[in-house]
Amino acid sequence: MAHMCRQITGSAASCAGWIGVIVATATNDWVRTCDYTVATCIRMDELGSRGLWAECVISPSLYHCVALNQILTLPAYIQTSRALMVCACLLGLPAMLLVLMGMPFVRLQNDTSSIKLRRARVGGVLIILMAVCGIVSTVWFPIGVHQSEGLMSFGFSLYAGWVGSALCLLGGSAILCCHGNDPGTPSRENSFYYSRQRGTATPLDPPANHAKSARV
């Protein structure tokens, strides 16, 4: 029971982290840029908000965004962050499906515990790769903006990416570390069968000469 609870907790954390990564990828409030104080920038319509896909200007009466369509002229940190976040979002779907099919209460045809274990481990590895992609992207992007323009503060999209990546890392690690043989389920190594000839308990895999010795 404890094993199943750990597995469900890791899967729920990974799913929540995947949603956070998707929110961070889809929104454009990653960083806020300003050359002056916040009040001065808002008064002068110079408070900027930048994300993976657009660059916005924020003022009391205006919220205007310009799409970053010039792929060849964009800085390397934007292109790399885009690629990593898109890969993280795409990896989430097969990872969650594999983890779901590795659950003890999900039964497919010709399913065995070893197959479920492999599925869950592959799903956990994919979730950790998703977390690594998100961490690299959400760390590299603000550093690149700070070096090129001057960073004022972080936006909610960046926080969503950080939280989502951390949840994916914790959930994937929990699935990899905790997914194994349930202590409450007897394994083949600890199984015995009853021998009618001798009336004693014998290991499940007896030696090859056991049949010969039983006839003596």
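# Reasoning through a predicted model

Of the 216 residues of the protein chain, 37% count as buried, and the model discussed here is a predicted one.

Student: What pattern of helices and strands does the protein chain follow along the sequence?

Tutor: The protein chain has six helices and seven strands, and read along the sequence they follow the pattern α-β-α-β-β-β-α-α-β-α-β-β-α.

Student: How do you know that the span of helix α3 agrees with its number of residues?

Tutor: Helix α3 covers residues 76–101, which is 26 residues, and at 1.5 Å a residue it should span 38 Å. Its end C-alpha atoms are 38 Å apart, so the expected span and the span in the model agree.

Student: Where in α3 does a kink lie?

Tutor: The kink, of about 25°, lies at Gly92, shortly before the proline Pro94.

Student: Why are α3 and α4 called roughly antiparallel?

Tutor: The axes of α3 and helix α4, which holds residues 113–148, come within 8 Å and cross at roughly 160°. Angles over 145 degrees count as roughly antiparallel, and therefore α3 and α4 are given that description. The crossing of these two helices, α3 and α4, is left-handed.

Student: Which residues of α3 and α4 can I look at to follow this further?

Tutor: Ala83 is one of the residues in helix α3, and Ala83 lies 8.8 Å from Ser137 in space, C-alpha to C-alpha, although the two are 54 residues apart in sequence. Leu117 is found in helix α4, and its C-alpha atom is 9.9 Å from that of Ile175, with their positions 58 residues apart in sequence.

Student: What makes Leu117 buried but Ala83 partly exposed?

Tutor: Buried means under 20% relative accessible area, exposed means over 50%, and partly exposed is in between. Leu117 has 18% relative accessibility, so Leu117 counts as buried, whereas Ala83, at 41%, counts as partly exposed.

Student: How do you know that Arg32 and Asp29 form a salt bridge?

Tutor: The closest N and O atoms of Arg32 and Asp29 are 2.8 Å apart, and a salt bridge asks for a side-chain nitrogen of Lys or Arg within 4 Å of a carboxyl oxygen of Asp or Glu, so the pair meets the cut-off. As for burial, Asp29 has a relative accessible area of 8% and is therefore buried, while Arg32, with 24%, is partly exposed.

Student: How many salt bridges does a search of the whole structure find?

Tutor: The search finds two. Besides the pair of Arg32 and Asp29, the side chains of Glu55 and Arg50 meet in a salt bridge, at 2.2 Å from N to O, and this value too is within 4 Å, so the name applies.

Student: Are Glu55 and Arg50 buried or partly exposed?

Tutor: Arg50 has 9% relative accessibility, which is under 20%, so Arg50 counts as buried. Glu55, with a relative accessible area of 31%, is partly exposed, because that value is in between the two cut-offs of 20% and 50%.

Student: Why does Gly155 count as buried, and where does it lie?

Tutor: Gly155 lies in the loop between β5 (151–154) and α5 (156–178). Its relative accessibility is 2%, and because buried means under 20%, Gly155 counts as buried. Gly155 and Val31 are 124 residues apart in sequence, yet their C-alpha atoms are 4.8 Å apart in space.

Technical notes: Residues numbered from 1 in each chain as written. Predicted model: local features only at pLDDT ≥ 70, side-chain atom pairs only at ≥ 80, totals over all residues. Heavy atoms only, no water. Helix = DSSP H or I, 4+ residues; strand = E, 2+ residues; numbered from the N terminus. Expected span 1.5 Å × (residues − 1). Bend = angle between axes of the 7 residues up to and from the residue. Buried < 20%, exposed > 50% of the residue type's maximum accessible area, 1.4 Å probe, protein only. Axes fitted to C-alpha atoms, helices over the stretch in contact; angles between N-to-C directions. Parallel < 35°, antiparallel > 145°, perpendicular 65-115°, else oblique. Left-handed = near helix turned anticlockwise from the far one by under 90°.
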